[in-house]
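Q: Could you take one part of this model, a sheet, and go through it slowly with me? I would then like to know how the rest of the chain is described in the same careful way.

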Amino acid sequence: MSIQESIEQEVKSALLQEYGVSLENIEFQPTRKDFEGDITIVTFPMLRQIKTNPVQLGQFIGESLVKSVAVISGFNVVKGFLNLVLSDSFYLDFFEKVSSEEDFGKVKITDSSKTIMVEYSSPNTNKPLHLGHVRNNLLGYSVAEILKASGNNVYKTQIINDRGIHICKSMLAWKKFGNEETPESTGLKGDKLVGNYYVKFDQEYKKEISELVAQGKTEEEAKAEAPIFVEAKNMLLKWEDGDTETVALWEKMNTWVYNGFEKTYDAMGVDFDKNYYESETYLLGKDVVAQGLEKGVFYKKEDGSVWIDLTEDGLDEKIVLRSDGTAVYMTQDIGTAIQRVKDFDIDGMVYTVGNEQDYHFKVLFLILKKLGFEWANYLYHLSYGMVDLPSGKMKSREGTVVDADELMEQMTTTAREISEELGKLDDYSPEEKADLYKMIGLGALKYYILKVDPKKRILFNPEESVDFQGNTGPFIQYTYARIQSILRKAEFDLNKKIEIASDYELHDKERALIKQLQSYPETIQLAAENHSPALIANYTYDLVKEFNSFYQNVTILGTEDISEKMFRVQLSKVVGDVIKSAFQLLGIQVPERM
């Protein structure tokens, strides 16, 4: 039973005895920093049933709790707020427990754990990953790790958009202008090479449009009749008909792209348990539409197209099958969701997709519920805002996209420049320096993006993110390295269980630090419920601020009292372990020295 549950039980019992009133809920909140105390009971709501004044009521409850709950050492009443002070022994007992606990804060997976699939990345195979994909990947990966830490089985997946007119544009441009060049012959990553031909197609297409407009065509006519566009459409038809040469080219160029993506994912530190491919899933869902028609969930229009009417649910009518019998994206997503449940027997799914698709997912989830799938109640759209750079938005057809690989390289370079300015790495080998710059640069990028609530738009500033002061990845990494330095200097076995004297009096800074550690398990659960890595990031920053305040105000290695020294070093070690654990949930590494 938690301390809060014990207090709640005692309060209810005391009020029943004294006032004959049975309360359903007791309202708790953390004590405000400007008052003494650890837990606050709000007494105002009780006054609806108990006729007395709030100060008197607070006084009565406080006195009762000091007598009945051993770990409550004092209290004070401020109007309708009863601030309870917990004893040092309460915090020391907690610390003793967690200092020997492996994976503190995380919940072990059991037979009754839920299984959740998290989808993220889901790129197109006609271009490299860009800054928007970076936020998507970092969010999806981190949410998957947080859900795992909160006690769920998790599968990570992506659906790769490997078919359609956009793929054919790259293929056609390579066929026309590529002179058989390959990633090997050019020294380019496969996704970069294919992306270059997507840009090349766009350039040629614009030229042809201009020529047709000059000949008197309207813009719309020119776009539809440009020879290169007509050829791309024909190529798509050939692919759909299984034309051997077209399919072979498609497979070759997609393989180049996948090899390129793998290198990017590897550098970013994200992974997947299963890949789905649109070329394999685009026909799924058609059979479900037939079943939905039988059930009366869908209806057919005169032209043969199939629709669902969601107007009663505050949405509109949505097409699920065209009149020629071909599927739309919605059909595909319905079929893919059902297939995933068959493949992995999952209880729920999280879709990491930008907020421009909010409406699509509202409709998708509602259709799946109407089709009668129980698991449709456990689908979540992890919607996120755009990422802007100070120089403006990203575009991809003109080749001015902010490339993910280049961004990661730039972050490493920025980390190197700032570290060299600070000049603290003189005794590092060139290899150690290179690894550290990469760790700092990537940590800065990931933290800057993940500390912001997913729904908010981000203005990403590379220089600001690599600052060694303030709410940044490098500041937290630096604190972790500082703790490791303390542990290396300690002249005793850190794994040895420490005996803390029962009369040990906690310094205010020790107490504040243990208090912050206490909320780590709850933060993981909250972050999982809200699908928000920002809660983990900002918790870690608060922990680090609390540690730095402790470090500046309390003598750690210099204290004469050996048990005090051992306790403070062990406390530092637990803080370091929690920083490392929290950063793992964000996909960020921490350096042993800096």
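A: What follows begins with the whole chain, goes on to the sheet, and then turns to the aromatic rings and to two backbone angles.

This is a predicted model, in which local features need pLDDT of at least 70 and side-chain atom pairs count only at pLDDT 80 or more, while totals for chains, interfaces and linings use all residues. Residues are numbered from 1 along each chain as its sequence is written, and side-chain values use heavy atoms, with hydrogens and water left out.

The protein chain has 594 residues, and 53% of them are buried, a word that here stands for under 20% relative accessible area, with exposed being over 50% and partly exposed in between (1.4 Å probe, protein chains only). Along its principal axes the C-alpha trace spans about 90 × 70 × 45 Å. The secondary structure of this chain comes to 22 helices and 14 strands, where helices (H or I, at least four residues) and strands (E, at least two) are DSSP runs numbered from the N terminus.

Now to the sheet itself, which is open and has 3 strands in the order S8-S9-S10, with antiparallel pairing. Its edge strands are S8 and S10, each of which pairs on one side only. Two strands are said to pair if DSSP finds at least two bridges between them. Strand S8 (residues 299–300) meets strand S9 (residues 306–309) over 2 bridges, in the antiparallel sense, and Tyr 299 stands opposite Trp 307 in S9. The hairpin of S8 and S9 has 5 residues between the strands, and in this hairpin Gly 304 takes a positive phi near 95 degrees. On to strand S10 (residues 317–321), which is joined to S9 by 4 bridges and runs antiparallel to S9; here Asp 309 stands opposite Glu 317.

Trp 307, which we have just met in S9, also has a charge over its ring, for the charged end of Lys 301 sits there, 3.8 Å from the ring centre. To count in this way, NZ of Lys or CZ of Arg must be within 6 Å of the ring centre and within 35 degrees of the ring normal. Elsewhere, the charged end of Arg 340 sits over the ring of Tyr 276, at 5.0 Å from its centre.

Rings can also pair with one another. Rings of Phe, Tyr and Trp (its six-membered ring) pair if their centres lie within 6.5 Å, and planes under 30 degrees apart count as stacked, over 60 as edge-to-face and the rest as tilted. By this rule there are 27 aromatic pairs. In one of them, Phe 373 and Trp 375 have ring centres 5.0 Å apart and planes at 25 degrees, so this pair is stacked. Phe 373 is partly exposed, with a relative accessible area of 25%, whereas Trp 375, at 12%, is buried. Another pair, Phe 547 with Phe 550, is tilted, with 5.7 Å from centre to centre and 55 degrees between the planes. These two residues are 3 residues apart in helix H21 (residues 533–553), and they are therefore separated by about one helical turn; both Phe 547 and Phe 550 are buried. Phe 94, Phe 104, Tyr 520 and Tyr 539 form one aromatic cluster.

The backbone angle phi deserves a last look. Most residues other than glycine have a negative phi. Ser 121, although it is not a glycine, has a positive phi of about 75 degrees, and its place is in the loop between strand S5 (115–119) and helix H4 (131–149). Asn 179, again not a glycine, has a positive phi of about 50 degrees, and lies in the loop between helix H5 (165–177) and helix H6 (183–186). In accessibility, Ser 121 counts as buried at 4%, whereas Asn 179 is exposed, with a relative accessible area of 72%.
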